[in-house]
Amino acid sequence: MLNVVTADGHGAVRCTPPRQTPAAADVTAVMSPGGFTLGRAGLGEGDVYYRVGLGRLEWSEDPADLAEGPDGNLPTAASGGRLPEAGTLLALIHGLAPPPDATPLPGVRRLALGTTVHVGPEGVVVSRRRPTLPDGPADLLGAVADVLSAAPDDYAIAYGGGLSSAFLAVAALATGHRPRLLHADLGLPGHRPAPAAIPGLSVSHVPVDVFDLLDHHRAPLGGLLPVLPDVELPRRLAVALTAAAGRPLASAVLLEDLVGVKLSDVDRGPRDWRLLTCEPFHLSGVLPSLREAADLLEQGVVRSDGPGQGTPDDQQAPDGPPPPPLGRRDLPVLTQKGRVALQTVQQASLSVWKDHLDLLGPLLGRADAGLAERVPRGGLVLPALDPAVLGAVQALPPERRGRISRGLFRNNRPMAAAVARHRVRGLRLASSSFDLRLAAAAYLHSESAKIVIELERESALADMGLIDVDAVTGLLKRGPDCADHALPLLRLLWIDRWLKG
C-alpha cells in the first residue's frame, strides 16, 4: 500500500491513509503534534522505500507502489523496466553491495539504518543519526543465551562445525536447551572431516545437492536488483535444514565478524616486533622497516598507495577509469566500457558506504554491511543481530576480543574461550565463504560445456557491451584454472539470467 504524507502551507500535516503502520521490524511511523516521522533504528527484517517531494512524502514496503509500473506491478528487465546502472550490475558481479539507500527507481530511496524522514510545517527533512545500543555487561555468552531462551520452543541450530556455530551450541546448553545440530552435507570435492562433536548434543547430517542450489537457471527473477548466490545459497540451505528439522532454525551467521577485531585495533605493547610474527597485513612488496609497518597499520591500509617515482602526473588518459580500490581484482572479461562503468560506480559507492559506516560506527556498520552482503532472513533466529548481543559486543574492549600471543594473532577470544571450556576440539577453520567459492568452482567445472553453449548463443551483459563473451568462455574452458574467478563468474551467470527475465 502506498502511504502519502503531505504538509500544506498552513502547517497542517495529513496522512493518506490516516493510520500508517509499517510491518518491517525496527521501522517506526509516528504522527505527533509536530508532524509525521518515519525512521529506522534497528536491523530488523523488512525494507521500506520512500520518495520525497515539496511538502510530500510517499513511502511503502513494496517498491512496486513507487515504481509506477503497469497494473501496480514492479517493472522487470524483461518487460522493459528501468534497469540498474551498468556499473551497479558489474559491481554486484564482483560482490560489491550497492549503497545502503540506493534503488534503480528515480527519486526512490531505501530507508537505511539510522535514517529519519520528518514531515512538518517546515516541509520534509531527511536526517541521519547513529542508533544507540543498550548498555549491559560484557557477557557475550549470556546475551546469546538470552536470545535463545526467547526463541521458539524446540528450535534447531545450523551447525557448520566452526567457531560461530559451536559457540551458539554452547550458548544453547547454557540455557538448559538440547537442540538438534543440523549439518548440511554439500558433497563438495576434497576430504571433509566430520564436524566437531559438541558434548551433550547430537549432530544430524542433511544431504544437500549444492549444484541444484547454485543452478543459474533457478536464479530468482524480478525485484529491484538481482539476487546473488552469496545470499540465495545460504537462504536455500536454511530452507532445506528447516524442512529437515521440522522446526525453527537458529544461525550463528555474523557472530565471528562482529566479535572479531583487526590487528590494528589491538594494543601491540612495547614489543612491536611481535607484529612481524603475525599473519601478513600487506598485499605485495617488502616494507623496509618495522616503523613503516606500524605506521601503515595505524592508517588502516595495507601498503602505500602513492605514485611511483618518475610517474608523470598525466600518464592516465583523462577519459580512463579511476584506479581500482586497493587489493581488488577485476574479473578479466570486461570490455573497456565495462571497466569504466564498474570503476566509476564503485568509487562513488565506496564514498557513500564510507559515509554511512562512519555514521554507524565499526560495530553497527559491520553488521549492516554484512546483512546487505550475505545474510538471509526469512524467519531465522539470528542472535548476532539482536540489540542486546550487539550491546554486549560493544562493551567488550578490543584487548579482550583479540591479542597477539605466541606469534599468532588470536581473534574472537570470548567465543574461543567459551567453546574451549566446554571441551570442544577439532573446530573447522575454513569460513562459509570458502564453501561458497569451492561450490561455485565445482559447479562451473561440472556445467562448463553447457554454459559455454548458452553464452555463445545469447548474453544480455554482452548485448549491453559490458563483457567479452569470448573471454568468459575462455575462462570456463580452462577448467580448474578459473577457480580464482569462479564466484564472480557464477554471479555473472545469475545476473545474466535475471536480465533475460
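Residues are termed buried when their relative accessible area is under 20%, exposed when it is over 50%, and partly exposed in between (1.4 Å probe, protein chains only). The structure is a predicted model, in which local features require pLDDT of at least 70 and side-chain atom pairs count only at pLDDT 80 or more, whereas totals for chains, interfaces and linings use all residues. Residues are numbered from 1 along each chain as its sequence is written, and side-chain values use heavy atoms, with hydrogens and water left out.

Helix 10 was examined with helices and strands taken as DSSP runs numbered from the N terminus (helices: H or I, at least four residues; strands: E, at least two). This helix comprises 13 residues and spans 18 Å from its first C-alpha to its last, close to the 18 Å expected at 1.5 Å a residue; the expected span is 1.5 Å times one less than the number of residues. Within helix 10, the residues L363, L364, G365, A367, D368, A369, G370 and L371 are buried. The elements that cover these buried residues include helix 7, helix 9 (336-360) and helix 11 (387-395), contact being defined as heavy atoms within 4.5 Å.

Salt bridges were assigned where a side-chain nitrogen of Lys or Arg lies within 4 Å of a carboxyl oxygen of Asp or Glu. This rule yields 17 salt bridges. One of them joins helix 10 to one of its covering elements: the side chains of D257 and R374 form a salt bridge with an N to O distance of 1.9 Å. Because D257 belongs to helix 7 (residues 255-259) and R374 to helix 10 (residues 362-374), the pair ties together parts that are 117 residues apart in sequence. D257 is partly exposed, at 30% relative accessibility, and R374 is likewise partly exposed, with a relative accessible area of 28%.

A further salt bridge is formed by K477 and E456, whose closest N and O atoms are 4.0 Å apart. This pair links distant parts of the chain, with K477 in helix 16 (residues 469-477) and E456 in helix 14 (residues 432-457), 21 residues apart. K477 counts as exposed, at 60% relative accessibility, whereas E456 is partly exposed, at 48%.

Buried partners are found in the salt bridge between E58 and R51, for which the closest N and O atoms are 3.0 Å apart. The relative accessibility of E58 is 11%, so this residue counts as buried; R51, at 18%, is also buried. Together with R56, R51 and E58 are linked in a network of salt bridges.
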